Amino acid sequence: GPLAVLGMSNDSPFPPPKHSNNAHNTAIQAQLNAAKRFFEACPVSTQLRLSMVPAVLGCEDLLARGDHAVLMAVPGSERPNAMTVNTFNDVKLRLQERAAKKRRRRQPRGADTAPARPLYVNNINSQRLHCCFRSLYGKDEMELEHSDIVANTRKSSVSLPLEVDVTQSFGVATSVDFQHLDMGPAHLVKLRHVVEMPVLTHVNLNHNRLGDAGVELLFRALVEAQCSVVHVALASNAIGDEGAAYIASSLGGLPRLTSLELCDNCICESGSIALAEAIGGVTVPPDTTEECEEMTPVGPLAVLSVDLRGNYSRELGARRWAEVICAHPDLKFLCLARNELGLLTKEYFLDLVCAAVASVALSVLDLQDNFPHATGKEGETEMGPPPADIIEELLSDLPVGEFDATEVSRAVFIRRHRGGGSAPEKKGRQPQQGQASRHGHTQTQPTSANNS
């Protein structure tokens, strides 16, 4: 909420937060309690999605107008004329107009103002349906990006009061979608009391402040409740290596969890390696010490999608992920964009690509913006696509016809088809069965497979 400016001094330089408004707390809790009672009255086969996000700036008038309908119309039935469901469509149109004006201001006169089309869409486990910014506000990375809906300004910051209990929603909802609410570990303390989560399949807590402590509270509760969750999204939550390691150790207790979104956190080499080893089926025995490097194989987990965009896996993380995707039977999507993979050397970046070619399952490998480029300012660099010589090497080594050259130049590897008996012969740098790569991990020859 708003911060008070009184009482600041050199001894106390940070303004204390205002006390929560009890009336606001009561109103928010009443809405959550009403949703809980409503969900409890619904058949267990009904998909019950609960979303809570701040109001979109500049659209308050449309949202305040609201709709008269609570439930969507049943196909084939007639809806009274007074009942409309156009509010969010009106919000979407206004946001699209505003985004188009913003793009026109940024681009030269006469330039095409249409947004760039994304190279791929990751909708494994129908994860896009369980984010209200996509399902209600129309975020699609073409007409609307996330920043077009939620402005990254202090004015738009909203903090959910600690007095509001959101944890009971986990016990009745199919999906829980709480974003941009400044939620921290204290908001999840009571989650340990939710002993059953019988229908929960999707958890989306992107853009909060859970940190490592909040991640531990969340995953411990999911495991103890024997939850059947299939997708967890925790982007932009200040998660570090300890939080990533706790997630890795919890994956074995969540056998149906097959997609993870951990973008824009603070996960470095050790956290990324922990995730890779858990998904690849390698665990550290409980009686080993930190000095011991012996690993116990337990078999790969049935994970389909991992999104680590905007972290710090770097070269060591890239090496471990290359070992995993080369042999993993199920992993279809891996994003390591903006992970500083090529900060010091190109070798592990190339190993990742080589492993993706060898994989029997991987369909998309996103390695965008992993190489340093000078910005023109003294001593400053920014991460961008591979240099021209690396792109040339990749294009000469990749199997003919399986990857698009334009996508490869941006370090995105989307397999268009898999080589089979009648496919063009693969050439260049190709891992052979049982042959160790330049860094010692074993890679296998890919076989023909269809993407599901």
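The protein chain of this predicted model contains 12 helices and 15 strands. Of its 452 residues, 43% are buried, and among the contacts between residues at least 6 apart in sequence, 74% join residues that are at least 24 apart. The mean pLDDT of the chain is 82, with 77% of the residues reaching 70 or more.

Two stretches call for caution before any detail is considered. Over residues 1-6 the pLDDT stays under 50, and the model has 10 contacts for this stretch beyond four places in sequence. Residues 79-84 likewise have a pLDDT below 50, and beyond near neighbours in sequence they have 11 contacts in the model. Where pLDDT is low, the predicted coordinates should not be read in detail.

A useful place to begin is the pairing of two helices, α8 (269-280) and α9 (residues 314-327). Their axes come within 8 Å and cross at roughly 5 degrees; because angles under 35 degrees count as roughly parallel, α8 and α9 are described as roughly parallel to each other. On the α8 side the contact is made by Glu269, Ser272, Ile273, Leu275, Ala276, Glu277, Ile279 and Gly280, which meet Arg314, Leu316, Gly317, Arg320, Trp321 and Val324 of α9. The residues of this contact divide into seven nonpolar, three polar and four charged.

Which charged side chains of Glu269 and Arg314 meet, and in what kind of interaction? The side chains of Glu269 and Arg314 form a salt bridge, with an N to O distance of 3.4 Å, and this pair links distant parts of the chain, since Glu269 belongs to helix α8 and Arg314 to helix α9, 45 residues apart. Both partners are partly exposed, Glu269 with a relative accessible area of 24% and Arg314 with 23% relative accessibility.

The search of the whole structure finds 15 salt bridges, and side chains of opposite charge can pair in this way when their charged atoms come close. Another of these joins the side chains of Asp264 and Arg338 at 3.2 Å, N to O. Asp264 lies in the loop between β5 (259-261) and α8, while Arg338 lies in the loop between β9 (333-335) and α10 (347-358), so the pair ties together parts of the chain that are 74 residues apart in sequence. Asp264 is partly exposed, with a relative accessible area of 35%, and Arg338 is also partly exposed, with a value of 36%.

A further salt bridge brings together the side chains of Arg416 and Glu407, at 2.1 Å from N to O. Here the two partners fall into separate classes of accessibility: Arg416 counts as partly exposed at 48%, whereas Glu407 counts as buried at 7%, because the cut-off for burial is under 20% relative accessible area. Salt bridges that share partners also join Glu269 and Arg314, the pair described above, with Glu340 into one network.

The last stop is a single residue in a loop. Ser169 is found between α5 (146-149) and β2 (175-178), and at 6% relative accessibility Ser169 counts as buried. Leaving aside neighbours within four places in sequence, Ser169 is in contact with Leu32, Leu50, Val176 and Phe178.

Technical notes:
Residues are numbered from 1 along each chain as its sequence is written. This is a predicted model: local features need pLDDT of at least 70, side-chain atom pairs count only at pLDDT 80 or more; totals for chains, interfaces and linings use all residues. Side-chain values use heavy atoms; hydrogens and water are left out. A salt bridge is a side-chain nitrogen of Lys or Arg within 4 Å of a carboxyl oxygen of Asp or Glu. Helices (H or I, at least four residues) and strands (E, at least two) are DSSP runs, numbered from the N terminus. Buried means under 20% relative accessible area, exposed over 50%, partly exposed in between (1.4 Å probe, protein chains only). Axes are lines fitted to C-alpha atoms, for helices over the stretch in contact, and angles run from 0 to 180 degrees between N-to-C directions. Angles under 35 degrees count as roughly parallel, over 145 as roughly antiparallel, 65 to 115 as roughly perpendicular and the rest as oblique. Contact means heavy atoms within 4.5 Å. Ala, Val, Leu, Ile, Met, Phe, Trp, Tyr, Cys and Pro count as nonpolar, Asp, Glu, Lys and Arg as charged, and the others, Gly among them, as polar. pLDDT is the predictor's confidence in each residue, from 0 to 100.
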